[in-house]
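Please find below a colleague's note on this structure, arranged as numbered points. The sequence and model are shown first, and the comments follow.

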Amino acid sequence: MRLMQQNNHPEPDARAAADADTRQDEVMIAYLPIVRGAAIAVLGYFLFDLVSRIFFPGDAYHGVMLAAVATGALCSVGMIYALRTTKDVWHLEVVASVICLSLFINSNLQQSLYFEVENLLYSVLMMPIFAAILPTRRTILTGIVLSFASLVWLVQTNMPEQVADYFWVGVSGVAAGVAISEIIRTAVLNSVKARLAAVRDREKAEDLARETRHLAECDALTGLPNRRSFFLALNHHVEHLRKTGDAFFLGLVDLDGFKPVNDTYGHAAGDEMLRAVARRLEDAGGATAFPARLGGDEFAILAPAKPKSAEAILTLGHRIEARLSEPYDLGDYTCEGSGSVGLLICDNPELSAHDLMERADHALYFAKRSLQGRAVLFNAALEREMMTSSQVDKALRKSDHDKEFSLVFQPQFDLTKSRITGFEALARWESPELGPVAPDVFISAAERAGLIRPLTRVLLTKALTAMAEWPSGTKLSFNLSTHDLMSPNAIEAILATVRDSGIPASRIEFEITETAMMSDFNQARRAIDQINRAGHSVALDDFGIGYSSLQYLQQLPVSKLKIDHSFVSSILEDSSSYKIVRTLLSLSQTLDLGCVIEGVETEAQLHILRTMGARHIQGYLIGQPMPEDQIRDVLQRRFDFSPRALSRPQDNSARAARS
Ligand code: C2E
Ligand code: CA
Ligand code: CA
């Protein structure tokens with residue numbers, strides 16, 4: 001605002017200086033051609049005079065006049081030359097004055113050497129001529145006064161009796177000179193003024209157009225081309241590929257954990273980080289690449305495919321990867337960061353810009369999902385996966401949640417009490433078009449399509465209905481998606497669904513994954529608080545495979561960890577899995593958190609887990625996820641997982657439980 005005020009009211013001195021500059025420009029533009037034309041005409045006159053004097057030599061002063069005319073001609077040539085470098089009005093005044101003076105001196109010299117009455121006409125004529133040629137009022141005035149004075153002086157010297165008559169002739173000359181000068185000045189200067197104004201308007205319009213274009217094409221924060229210009233460039237590359245067969249590389253970049261940086265260090269630091277990312281992408285891409293910011297923490301890059309090989313594009317990807325994982329200096333803080341990169345070699349002319357984006361996006365999605373901070377090149381396997389997921393997306397949009405989705409329940413077992421304490425509800429989808437679809441696949445598809453909240457509500461209602469048949473001590477674990485946690489209203493709707501069922505909140509535990517923490521830690525924490533206040537407990541699912549940050553864990557009001565089944569499956573063969581499970585178990589004990597070990601499939605695994613002090617387990621050993629009508633049976637089944645029973649090699653109770 002202050003800046004605008006300054007622009008609207010410039011300092012008076014500055015404005016006066018600017019006005020003076022404009023006037024000088026106008027005079028230069030108006031008079032430079034006039035003075036140049038006059039110089040050429042005067043040169044022509046002198047040359048003509050010179051030739052006629054050479055061919056028709058006259059009286060005694062012939063030599064003097066010849067020299068004077070030759071000097072006048074030379075002087076005109078000099079002035080024509082000087083005009084080529086004339087830049088300001090003062091310079092122009094000098095040149096025009098010299099031209100007029102050469103005429104003046106010549107004519108007066110001639111008259112003083114051999115006076116002729118009829119030549120007095122030249123003195124009178126000179127006044128309007130000077131008035132027309134000279135560029136400023138002061139030079140015009142001087143020129144007219146000099147001519148007038150010379151006229152009077154010549155008459156006074158040669159025929160004093162006629163001074164009065166010629167005085168009035170001179171006055172008419174002065175009047176004509178002044179009138180002509182004013183008419184010419186006004187006409188010429190006005191037309192120049194109008195021309196200059198038109199030029200200035202055009203320049204202003206061009207400036208505005210340039211600025212608008214810049215605003216429309218560039219991202220204001222980072223200065224990189226924005227989403228719109230990126231798509232223009234991408235379309236242009238696609239056209240070029242179709243015409244010439246020239247392939248190109250496309251990369252999509254998404255920062256990992258940018259939201260926590262924004263939340264923890266503030267938006268100014270977040271902005272600084274985005275600017276740094278932009279500069280690093282420019283560096284990593286080199287002079288021929290086209291990096292752009294698509295929005296938020298998403299960036300893209302186009303680069304020529306030279307050479308067109310997987311190595312070349314992966315080298316670019318690794319360069320980006322390396323640059324993005326250098327520390328970020330954010331003023332008062334330094335922070336770590338990384339970016340996931342999805343890469344695509346664009347060499348198929350049949351694919352549209354949209355198809356290419358979809359593929360690069362899928363590679364990025366894969367990088368985000370499994371290899372954060374790494375670059376992934378789109379390949380045939382990802383192509384197959386993508387085709388499936390787009391079919392899933394379509395089928396999901398048309399699906400009837402209530403009819404097509406159901407729940408199975410997997411028992412959770414307490415080793416010390418030797419009984420099932422509760423069940424985890426796991427969603428199943430039997431699509432009429434695609435058949436059964438894996439939950440990992442449809443849950444992420446529902447998240448992408450923005451359908452997860454209604455789906456969660458339908459599933460929760462089904463779980464609560466099933467629970468009505470269970471014994472009052474049996475608990476339910478229900479999975480929530482990250483998206484369910486992102487708004488207080490969505491959580492309130494979930495809590496209200498439970499309240500309406502009349503089932504005590506203490507019997508229902510919600511499971512959330514670490515990805516929820518990563519996308520918005522503060523909101524995730526508020527959500528957990530909100531759930532806790534309603535009397536539910538919260539378990540942190542798949543613990544160990546993500547960030548597993550102790551700092552996060554200490555700040556989160558969760559009451560349980562679920563150790564991911566990937567560790568248990570390799571606990572016998574892989575010593576690091578063994579150590580991880582042991583560490584996570586003791587971590588949960590230190591923090592006074594409950595701990596469920598998932599994916600327990602064999603008695604041997606159970607044996608090891610028991611030696612580590614595990615208490616709650618879940619997995620095929622106890623029971624596969626089952627339809628609700630089997631729950632009553634499984635609750636009545638007796639399990640004997642005592643060390644004595646497990647050590648008996650022929651003990652088949654667990655296998656019986658599974659069958
Ligand atoms: P999760 O919450 O970690 O669920 C446990 C997964 O491990 C389930 O896979 C279950 O069938 C599987 N599992 C259980 N015991 C064993 C075992 O002994 N060995 C092995 N190898 N696997 C075992 P499922 O049902 O395919 O679910 C996959 C994921 O889908 C779940 O992982 C959860 O993240 C998500 N999911 C499932 N149902 C829901 C739901 O209703 N809502 C939300 N938001 N997510 C859900
Ligand atoms: Ca779970
Ligand atoms: Ca899990």
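1. Glu-598 counts as buried, because its relative accessibility is 8%; buried here means under 20% relative accessible area, exposed means over 50%, and partly exposed lies in between (1.4 Å probe, protein chains only). Glu-598 supplies OE donors to the calcium ion (ligand 3), and an N or O atom in the side chain of Glu-598 is 3.5 Å from an oxygen atom of ligand 1.

2. These statements rest on a predicted model, in which local features need pLDDT of at least 70, side-chain atom pairs count only at pLDDT 80 or more, and totals for chains, interfaces and linings use all residues. Residues are numbered from 1 along each chain as its sequence is written, chains are lettered from A and ligands numbered from 1 in the order in which they are written, and side-chain values use heavy atoms, with hydrogens and water left out.

3. Which protein atoms hold the calcium ion (ligand 3)? The donors are Asp-541 (OD), Asp-542 (OD), Glu-598 (OE) and Glu-598 (OE), at 2.1 to 2.6 Å from the ion. Donors are N, O and S atoms within 2.8 Å of the metal (3.2 Å for Na, K and Ca); water is not among the atoms, so sites may look incomplete. Along the sequence, the donor residues of this ion follow the spacing D-D-x55-E. The pair Asp-542 and Glu-598 links distant parts of the chain, 56 residues apart: Asp-542 is in strand 13, and Glu-598 is in the loop between strand 15 (594–597) and helix 24 (603–611). Helices (H or I, at least four residues) and strands (E, at least two) are DSSP runs, numbered from the N terminus. Asp-542 is partly exposed, because its relative accessibility is 25%.

4. The calcium ion (ligand 2) has the protein donors Glu-424 (OE), Asn-479 (OD1), Glu-511 (OE) and Asp-541 (OD), which lie 2.1 to 2.3 Å from it. Their spacing along the chain is E-x54-N-x31-E-x29-D. Glu-424 is in strand 9 and Asp-541 in strand 13, so this pair ties together parts that are 117 residues apart in sequence. Both Glu-424 and Asp-541 are buried.

5. The calcium ion (ligand 2) and the calcium ion (ligand 3) should be considered together: Asp-541 bridges them, and the ions lie 4.0 Å apart.

6. The shell around ligand 1 contains 22 residues, of which Gln-410, Ala-427, Arg-428, Glu-601 and Tyr-620 come nearest. A residue is near a molecule or strand if one of its heavy atoms lies within 4 Å of it. By class, the shell divides into nine nonpolar, six polar and seven charged residues. In this scheme Ala, Val, Leu, Ile, Met, Phe, Trp, Tyr, Cys and Pro count as nonpolar, Asp, Glu, Lys and Arg as charged, and the others, Gly among them, as polar. Strand 9 (419–431), helix 15 (439–449) and strand 13 (537–543) each supply at least two residues of the shell, and the largest share, four residues, comes from strand 9.

7. Which side chains have polar atoms at the listed distances from ligand 1? In the side chain of Arg-428, an N or O atom is 2.9 Å from an oxygen atom of ligand 1. For Asp-440, a polar side-chain atom lies 3.4 Å from an oxygen atom of the ligand. Taken alone, ligand 1 exposes 790 Å², and the protein buries 84% of that. Accessible areas come from the Shrake-Rupley method with a 1.4 Å probe; for residues, only the protein chains shown count as cover.

8. How many disulfides does a search of the whole structure find? The search finds zero, a disulfide being a pair of cysteine sulfur atoms within 2.5 Å. Cys-75 is in no disulfide, and the nearest cysteine sulfur, that of Cys-100, is 11 Å away. Cys-75 is partly exposed, with a relative accessible area of 23%, whereas Cys-595 is buried, at 8%.

9. Three further positions complete the note. Ala-278 lies in helix 10 (residues 267–285) and is buried at 0% relative accessibility; its C-alpha is 9.7 Å from that of Leu-324, 46 residues apart in sequence. Pro-225, in the loop between helix 7 (163–217) and helix 8 (227–244), is buried at 18%, and its C-alpha atom is separated by 84 Å from that of Met-159, 66 residues apart along the chain. Arg-138 is in helix 6 (residues 137–158) and is exposed, with a relative accessible area of 55%.

Definitions and conventions. A polar contact is a pair of N or O atoms within 3.5 Å; within protein, one must be able to donate a hydrogen and the other to accept it, and residues adjacent in sequence count only if both atoms are side-chain atoms.
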